[in-house]
Amino acid sequence: MASAVRLGLTGGIGSGKSTVAAFLAQLGAHLIDADAIARAVTAPKGAAITQLKAAFGADILDAEGALNREKMRHLVYGDRAVKSRLEEIVHPMVGQVIARQAQLAESSGATCIVFDIPLLVESKHWRKSLDRILVVDCLASTQIARVAVRSALDAAEVMKILAAQATREDRLSAADMVLFNDEITLDALAMHVQEIGTQFGL
C-alpha cells in the first residue's frame, strides 16, 4: 500500500487557513488539527495542566481549570522566556498526539493527510516529515480586519499577535504552494482548494 501524501498546511491568524483545512477534509483528506490538539491538552484535566500550573501558577488557569489563553497570550507578549517554557511543555504533547493520529490515518488507508499546524514555519522540525507545504496567504491589513471582526479585538491587539508569529515572508519562503486568500469569494476559495486537492488524489 502506498504511503499517504503528507501535506503541511499553515498561514497566519486570519488568513483563512481553517476554512481551507475544512474544504480539504470535505474533499476526503484526513485532517490533523494541531490547534485543536493543543486546546485538548490544555483543557480542564488535560495532559499539560499540571505542568502549566507548576510553571506559571494557578492564576494561569480559568474558573473551569483550563489554560486561560488570553492571560497566557499577554504573558508571552512580554517575555520570550515564558513563550519558550510554554512551548517546552505543550509542543511535545501535541507532537505525540499528531504522530499517533498520523499513524492511525496511514493504517486506515488515507491517501492524503493534512497537518494543519499554525506554527509549522516556527517549528523547524516539520519540514523533514512533510511532502509538501501549502501556505494560505493574505495581506496583513486583511488579517487585522478579519480577526478584529471575529474576535472583537482592536487593531493594536491583533498586531501584537501577528508580531509573535512567523513573518509573512518566512511563511512564503517555506511554501511549496501558496493560496492567496484575499478579496475572493468563499466559492472561489473552494474552487482553488479543489484544484489543489486534485494534485493529491482528492
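In the predicted model, helices H2 and H5 cross with right-handed geometry. Their axes approach within 9 Å, and the crossing angle is roughly 120°. H2 and H5 are therefore classed as oblique to each other, since angles that fall outside the ranges for roughly parallel, roughly antiparallel and roughly perpendicular count as oblique. On the H2 side, the contact is formed by Ala34, Ile37, Ala38 and Val41. The residues that meet them from H5 are Val90, Met93, Val94, Val97, Ile98 and Gln101. By class, the contact of H2 with H5 comprises nine nonpolar residues and one polar residue, with no charged residue.

A second helix pair is formed by H6, which spans residues 140-151, and H7, which spans residues 155-164. The axes of H6 and H7 lie 9 Å apart, and the two helices pack at an angle of about 120°. That angle makes H6 oblique to H7. The crossing of H6 and H7 is right-handed. H6 contributes Ala140, Gln143, Ile144, Val147 and Ala148 to the contact, while H7 contributes Ala155, Val158, Met159 and Leu162. Eight of the residues in the contact of H6 with H7 are nonpolar and one is polar, and none is charged.

Charged side chains pair elsewhere in the model, which holds seven salt bridges. One of the elements of the first helix pair, H2, takes part in such a pairing through Asp35. Arg69 forms a salt bridge with Asp35, and the closest N and O atoms of the two residues are 3.3 Å apart. Asp35 belongs to helix H2 (residues 34-41) and Arg69 to helix H4 (residues 69-78), so the salt bridge ties together parts of the chain that are 34 residues apart in sequence. Both partners fall in the intermediate class of accessibility: Arg69 is partly exposed, with a relative accessible area of 33%, and Asp35 is partly exposed at 28%.

H5, the other helix of the first pair, also carries a salt bridge, here between Lys83 and Glu87. The N to O distance between the side chains of Lys83 and Glu87 is 2.9 Å. Lys83 and Glu87 are four residues apart in helix H5 (residues 80-107), a spacing of about one helical turn. Lys83 is partly exposed, at 27% relative accessibility. Glu87 is likewise partly exposed, with a value of 24%.

A further salt bridge joins Asp176 and Arg127, with an N to O distance of 3.1 Å. Asp176 is located in the loop between helix H8 (168-174) and strand E5 (177-180), and Arg127 in the loop between strand E3 (112-116) and strand E4 (132-137), so this pair ties together parts that are 49 residues apart in sequence. The relative accessible area of Asp176 is 37%, which places this residue in the partly exposed class. Arg127 is partly exposed as well, with a relative accessible area of 36%. Shared partners also link salt bridges to one another: Asp35, Arg39 and Arg69 are joined into one network in this way.

Methods. Residues numbered from 1 in each chain as written. Predicted model: local features only at pLDDT ≥ 70, side-chain atom pairs only at ≥ 80, totals over all residues. Heavy atoms only, no water. Salt bridge = Lys/Arg side-chain N within 4 Å of Asp/Glu carboxyl O. Buried < 20%, exposed > 50% of the residue type's maximum accessible area, 1.4 Å probe, protein only. Axes fitted to C-alpha atoms, helices over the stretch in contact; angles between N-to-C directions. Parallel < 35°, antiparallel > 145°, perpendicular 65-115°, else oblique. Left-handed = near helix turned anticlockwise from the far one by under 90°. Contact = heavy atoms within 4.5 Å. Nonpolar A, V, L, I, M, F, W, Y, C, P; charged D, E, K, R; others polar.
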